[in-house]
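Biologist: I should be grateful for a close look at a single part of this model, namely the way in which one pair of its helices packs together. Please set that part in its wider context afterwards.

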Amino acid sequence: MAIASFLMGFTSMPLLAETAPDIQDPSLVQAFVMGAVQGLTEFLPISSTAHLRILPALLGWPDFGASFSAVIQLGSLVAVLVYFAEDLRNVLTGTWTAIQTREFESPEFKIFTGVAIGTLPIVIVGLAVKFIYGSPPRQISVIAVALIVLALMLAWAERQGSRERTIESIRISDGVVVGFAQALALIPGVSRSGSTITAGLFLGMKREMAARYAFLLGVPALALAGAVEFVSDYAPSALPAQAIGTLSAFIFSYASIDWLLKFLQTRSTTLFIIYRVALGAFLLTGLLTGFL
């Protein structure tokens, strides 16, 4: 809460002050494009929320709001469920077996526990922000600063992390640390996958393992966010656009997951670090010069 208050105060500074955008429903074409952006960026450590806010600003479109973004994230959720169907099934059946046999040291039980504990911080903080503030700050200045700060943290994690641990070595303490890192993603521009991958690298996880853990953590987080926003801001007129955006998000999310896991098997996150810094600098320059 203190972070949200600080960021809201920060955006009131003269050089970075922005008027609150008018929220409108997208057309079907806009919804498809936004769904594609959501899918391509949800699981890359570059912040889908940031891009869903930035793209309309650059194209001269209205802001479609945090609710639309949260609802089409359900397409990304389905992509995770489909892509990791076998992994999720093994975790659930292995956890049930562990409970019955009291073998709580099994890898499946540890993964389930790590995901469950890691989900609690974002649920608690997310609901608090929703009911107290309505939604997190969406100013482009906040996004720009968050992009750069998380990029620096990710670069530090790449330098400090041992990158030796596999997903079977997850501990309860990992769930706590990564869970609080995931909660920071409520700040647009931080990136849920970016913050969780960064925390995972600091904890000594391999890059691919950190990404897999981020994807599994995304299952309850995306489900809860999408469900809460859909129910709280339900509007029949928005359903066609939400459906198109969600379908588009599913298609592009599935492709993004497959690409990132293969990419991180042989490469570092340097590409994303450079991209985040460049995008953040571009946005700050645009605000200071009046371009944005």
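Modeller: Helix 6 and helix 8 cross in a right-handed sense. This is a predicted model, and all that follows should be read accordingly. Helix 6 spans residues 107-132 and helix 8 spans residues 172-183; their axes lie 7 Å apart and make an angle of about 30 degrees. Because angles under 35 degrees count as roughly parallel, helix 6 is described as roughly parallel to helix 8.

On the side of helix 6, the contact is formed by Thr-113, Gly-114, Ile-117, Gly-118, Thr-119, Pro-121, Ile-122 and Val-125. Helix 8 contributes Ile-172, Gly-175, Val-176, Gly-179, Phe-180, Gln-182 and Ala-183. By class, eight residues of this contact are nonpolar and seven are polar, while no charged residue takes part. The polar class includes Gly, and glycines appear in the contact on both sides, among them Gly-114 of helix 6 and Gly-175 of helix 8.

A second pair may be set beside this one. Helix 2 (residues 28-42) packs against helix 11 (residues 239-266) with an angle of about 30 degrees and 7 Å between the axes. Helix 2 is therefore roughly parallel to helix 11, and the crossing of these two helices is right-handed. From helix 2, the contact draws on Leu-28, Ala-31, Phe-32, Gly-35, Ala-36, Gln-38, Gly-39 and Leu-40. Its partners in helix 11 are Pro-240, Ala-241, Ile-244, Gly-245, Ser-248, Ala-249, Phe-252, Ser-253 and Ser-256. Ten of the residues in the contact of helix 2 with helix 11 are nonpolar and seven are polar, with no charged residue.

Within that second contact, Ser-248 of helix 11 merits a separate remark. Ser-248 has a relative accessibility of 1% and so counts as buried, the limit for that class being under 20%. Its side chain reaches the backbone oxygen of Phe-32 at 2.8 Å. Apart from neighbours within four places in sequence, Ser-248 touches Phe-32, Gly-35 and Ala-36, residues that are listed for the helix 2 side of the contact.

As for the wider context, the protein chain holds twelve helices and zero strands. Of its 292 residues, 49% are buried. Among contacts with a separation of 6 or more, 82% join residues 24 or more positions apart.

Note on methods:
Residues numbered from 1 in each chain as written. Predicted model: local features only at pLDDT ≥ 70, side-chain atom pairs only at ≥ 80, totals over all residues. Heavy atoms only, no water. Axes fitted to C-alpha atoms, helices over the stretch in contact; angles between N-to-C directions. Helix = DSSP H or I, 4+ residues; strand = E, 2+ residues; numbered from the N terminus. Parallel < 35°, antiparallel > 145°, perpendicular 65-115°, else oblique. Left-handed = near helix turned anticlockwise from the far one by under 90°. Contact = heavy atoms within 4.5 Å. Buried < 20%, exposed > 50% of the residue type's maximum accessible area, 1.4 Å probe, protein only. Polar contact = N/O pair within 3.5 Å; in protein donor to acceptor, adjacent residues only side chain to side chain.
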